[in-house]
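Please open the model in your viewer and keep the sequence at hand, because this tour moves from one selection to the next. Each stop says what to select and what is to be found there.

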Amino acid sequence: MTTTTAPGGTGGKRRKAPTIFDVAERAGVSHQTVSRVINGDPTVRDAFRTQVTDAVHDLGYRPRAAARALAGGRSRALGIITAGDALYGPSSTAIGFERAARSAGYHVLLSTLPEEPTPSDLSGALTTLLAQDVAAIVLVAADNRVLDALGSLTVPVTVPVVVSNAVQRDAVRTPAASTVAAVAIDQAAGTSLVMEHLFARGYRRIVHIAGPPVSQESEVRRATYVRIMQDAGLEPVVLDGDWTPGSGFAAARHIDVTAVDAVFAGNDQMALGVLHAFADEGLRVPDDIAVVGFDDVPEAAHFTPPLTTVRQDFRAMGERVLDTVRALVEGEPRDETLLAPELVVRRSA
């Protein structure tokens, strides 16, 4: 690589920043291919993508971004990585963050991970975003598989990383990133609101249908339900679901309704499946058995009957994520408190 004389005429040498042509030469491809890889073109062959990614890492290449602000040379681009299916909570958080960022004068670059991501998947997404000269990266995933991948990163991440929906903050770590922070809604508080509401109305035989164990939010809701039941001297009963209405429907089919008076579903979609199963069996909700969900999806108010649930303000979540990003970039103190959920009481309980 070429060198240039250092400022001041001292004769010292410093290395020039690598160019896209340096990356192309190192990778053995054309500069057009490098550009396509950097811009996330899905038609690039995997072998070329790997060669370019390795060359970017080796050279420390970071292109000039069109989003770089004129004042102070600071990037106005932010990266966001999403993982898994388009579930209501994560997708709503991502939308809320993008809208808040756009209103604040940033533009957001999106990268997605497969449903079961590996460390190499996450490394590739981070590399693509870093190549766009982003000022920070947001990871929208409370999936333990994604957080495990984050913890095993070897690719250096030179900008702050903010993880949303991660309620177990000690699990959010990576030795490869400069700064990592977490933003989340208080899942334990939301579960406590559900249980207090059911107890206050005399329900004691309560079954919980939990989300998948790879979800941090599901783990916290399950653990909080079990603790509250045990503290009350009651036997916790947990059935497994996967966030879908079909799993709620299947779980409800295994409930002995003569021994249960309330069902706490881990999200509203599973609660919808429960309501369907009970309707098929001729059960009246809440007269025969009560049902409560979690999330307050827009359709929850129109279930039959309208669903009692826990509202999570994902718009506020997106705004808090942006506030945290800006604080990290500016080196300012950040608010690390969990956001508070709200119980919405409707006719199902």
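Begin with the open sheet of 4 strands, whose order is E9-E8-E10-E11 and whose pairing is parallel; strands are DSSP runs of E with at least two residues, helices are runs of H or I with at least four, both numbered from the N terminus, and two strands pair if DSSP finds at least two bridges between them. This is a predicted model, in which local features need pLDDT of at least 70 and side-chain atom pairs count only at pLDDT 80 or more, while totals for chains, interfaces and linings use all residues. Residues are numbered from 1 along each chain as its sequence is written, and side-chain values use heavy atoms, with hydrogens and water left out.

Select the edges of the sheet next: strand E9 (237–240) and E11 each pair on one side only. Neighbouring strands here are turned by 20 degrees against each other on average, direction ignored; axes are lines fitted to C-alpha atoms, for helices over the stretch in contact, and angles run from 0 to 180 degrees between N-to-C directions. Strand E8 (residues 206–210) pairs with E9 in the parallel sense over 4 bridges, and Ile209 stands opposite Leu239 in E9.

Now add helix H8 (residues 216–231), which packs on the sheet and touches E8, E9 and E10, its direction making about 165 degrees with that of E8; contact means heavy atoms within 4.5 Å. Helix H10 (residues 268–280) lies across E8, E10 and E11 and runs at about 160 degrees to E11.

Turn then to the aromatic rings, where the count comes to 2 aromatic pairs; rings of Phe, Tyr and Trp (its six-membered ring) pair if their centres lie within 6.5 Å, with planes under 30 degrees apart counted as stacked, over 60 as edge-to-face and the rest as tilted. Select Tyr88 and Phe314, an edge-to-face pair at 5.6 Å centre to centre with 85 degrees between the planes. Tyr88 lies in helix H4 (residues 88–103) and Phe314 in helix H11 (residues 314–330), so this pair ties together parts that are 226 residues apart in sequence.

For the other pair, select Phe264 and Phe294, which are tilted at 35 degrees between the planes and 6.4 Å centre to centre. Phe264 belongs to strand E10 (residues 262–265), whereas Phe294 is in the loop between strand E11 (290–292) and strand E12 (309–311). Both Phe264 and Phe294 are buried, a term that means under 20% relative accessible area, with exposed over 50% and partly exposed in between (1.4 Å probe, protein chains only).

Finally, keep Phe294 selected and add Arg221, which lies over the face of that ring at 3.9 Å from its centre; a charge sits over a ring if NZ of Lys or CZ of Arg is within 6 Å of the ring centre and within 35 degrees of the ring normal.
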